[in-house]
Amino acid sequence: METARDVLTTLARRYAFGDLAALCEAGAARLPSGVAAEVRLLCSFGQRLIDLDAEDFGMPERTGDPVVDEYTVPEHLLGRARASRMPQSAKERSRGALRTLRPAYGLLLEVIAARWQRREMAPLVAAVHIASEYLPLLAWQPVLGHAGDPALLPTSVSGPGSRFGVPGGATRPRDCSLTRPQQSAAERALRVAREPGPGWRNYLDRQHSTVASALCTCAVSCRTPCDVVTRLNPDVLSALSERCRVAQEFADGALVRLRHAAPVGHGFGVPNPDEVSDAWNRTRTSLGRLPLGDRVVGEVADYPLPGLPEAFSAAAGHEIVPDTLLRDLSDHLVAILQS
């Protein structure tokens, strides 16, 4: 016969952190107060991870409950989350996902797999959409030496021969392929490191993904290339263009389009698993036609959406594999519940 503690353990294994915390708070399984408080704190941390609440990754958990807040998330888990965190000020010492997006994409792969396991297609598609928005920065990272950090970006994309963030004047035709929103975001990216915290956070919320799109345009489809790309060695530029084509094709593919398929906003028309699989198979076929697409459609690792880790790896120019942060947190919770 299944006990209350068995139920809690099952919830931990399924990454159902919100439900597990609620049952602990309600006194399920009559856990000692200290154990219940520690579990609730860890569940608060886990919920941030699976919700991809990146601005608070790696920060000490504060639930507002003084009993719970006496406990801490183990550093071996907290530090790994911090690698995917977006810094909340221009001068923050730890650059997290602005230094490298590779840990963030490993976590995205683990979250997508977890959502598939839980048959939660709406958050799965939302995670895929997030991945598509920043994939160009993952592609540019080997060239820039960082993941589009605005504190470092001007060195790589500005200068006398660059039109990045320099809109065309009213009296002359535009000589740049970037759209007005892209140019506006690019211009902001070149100066936002001098802005205070609210301006910096506003940029990350509203314009950072547009800068990623702008850089993709520069590498793939600019009609009049400027110093942003002409300064690069031809072999480096060729490899960058191929990686950015993967990012562009992924963003334009059927899987990401599911995010926009709702008749009214994004809250209706949630796809079922078969629809998600079909959309991914069509996207995967499109990716397979690209120069870097062989690894996406060839022999791939076991994953709910076969070839997705390989697609991210092709865009990154570096092996990207699913993280185990959720699983390791789950194991930690189970060990506490069973002790």
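This report walks through the fold, the core and a few individual residues of a predicted protein model.

## Overall architecture

Let's start with the big picture. The protein is built from 17 helices and has zero strands. Its radius of gyration is 22 Å, which agrees with the value near 20 Å that a compact globule of 339 residues would have. Along the principal axes, the C-alpha atoms fill a box of roughly 75 × 45 × 40 Å.

The contact pattern gives another view of the fold. Taking contacts between residues at least 6 apart in sequence, 69% join residues that are at least 24 apart.

## Surface and charge

Of the 339 residues, 47% count as buried. The protein exposes about 15,600 Å², and carbon and sulfur atoms supply 51% of that area.

For anyone thinking about electrostatics, the protein carries 38 positive and 39 negative charges. The mean positions of these two sets are 7 Å apart.

## The nonpolar core

In soluble globular proteins, nonpolar side chains tend to be buried together. Here, the largest nonpolar core has 107 residues. The members with the most contacts inside this core are Leu20, Tyr105, Phe164 and Leu305. Helix α6, spanning residues 121–144, contributes the largest share of the core, with 13 residues.

Which residues does tyrosine 105 contact, once its neighbours within four places in sequence are left aside? The list holds Ile130, Ala131, Tyr134, Leu135, Leu138, Phe312 and Ile320.

Next to this tyrosine in sequence comes alanine 104, which lies in helix α5 (residues 102–117). Alanine 104 has a relative accessible area of 13%, so it counts as buried. Its C-alpha atom is separated by 18 Å from that of glutamate 92, and the two residues are 12 apart along the chain.

## Helices α8 and α9

These two helices are a nice pair to look at together. In α8 (180–189), the buried residues are Gln182, Gln183, Ala185, Ala186, Arg188 and Ala189. They pack against α7 (153–157), α9 and α10.

Helix α9 covers residues 197–206, and Gly197, Gly199, Trp200, Tyr203 and Leu204 are buried in it. An α-helix has 3.6 residues a turn, so residues three or four places apart point the same way. The packing partners of the buried α9 residues are α6, α8 and α10 (208–220).

## Serine 313, a buried residue in α16

Is serine 313 buried or exposed? With a relative accessible area of 1%, serine 313 is buried, because the cut-off for that class is under 20%. This serine has its place in helix α16, residues 308–316.

Not counting residues up to four places away in sequence, serine 313 touches Arg295, His318, Glu319 and Ile320. Ile320 also appears among the contacts of tyrosine 105.

## Two partly exposed arginines

Arginine 245 has its place in helix α12 (residues 234–252). Its relative accessibility is 34%, so arginine 245 counts as partly exposed. Leaving aside neighbours within four places in sequence, arginine 245 is in contact with Val220 and Leu290. Measuring from C-alpha to C-alpha, arginine 245 and leucine 287 are 8.9 Å apart in space, while 42 residues apart in sequence.

Arginine 282 is found in helix α14, residues 273–288. At 44% relative accessibility, this arginine also counts as partly exposed. Arginine 282 touches Ala254 and Arg257, with residues up to four places away in sequence not counted. For the pair of arginine 282 and alanine 254, the C-alpha atoms are separated by 6.4 Å, and the residues are 28 apart along the chain.

## Backbone points to check by eye

Most residues other than glycine have a negative phi, and most peptide bonds are trans. Against that background, two loop residues are worth a look.

Leucine 52 has a positive phi of about 60 degrees although it is not a glycine. This leucine is found in the loop between α3 (33–50) and α4 (75–82). Arginine 119, also not a glycine, has a positive phi of about 55 degrees. Where does arginine 119 lie? Its position is in the loop between α5 and α6.

Note on methods:
Residues are numbered from 1 along each chain as its sequence is written. This is a predicted model: local features need pLDDT of at least 70, side-chain atom pairs count only at pLDDT 80 or more; totals for chains, interfaces and linings use all residues. Side-chain values use heavy atoms; hydrogens and water are left out. Helices (H or I, at least four residues) and strands (E, at least two) are DSSP runs, numbered from the N terminus. The radius of gyration is taken over C-alpha atoms; the globule rule is 2.2 Å times the number of residues to the power 0.38. Buried means under 20% relative accessible area, exposed over 50%, partly exposed in between (1.4 Å probe, protein chains only). Contact means heavy atoms within 4.5 Å. Accessible areas come from the Shrake-Rupley method with a 1.4 Å probe; for residues, only the protein chains shown count as cover. Lys and Arg count as positive and Asp and Glu as negative; His and the chain ends are not counted. The place of a charge is taken as NZ of Lys, CZ of Arg, CG of Asp or CD of Glu. A nonpolar core is a set of buried Ala, Val, Leu, Ile, Met, Phe, Trp, Tyr and Cys residues joined through side-chain atoms within 4.5 Å.
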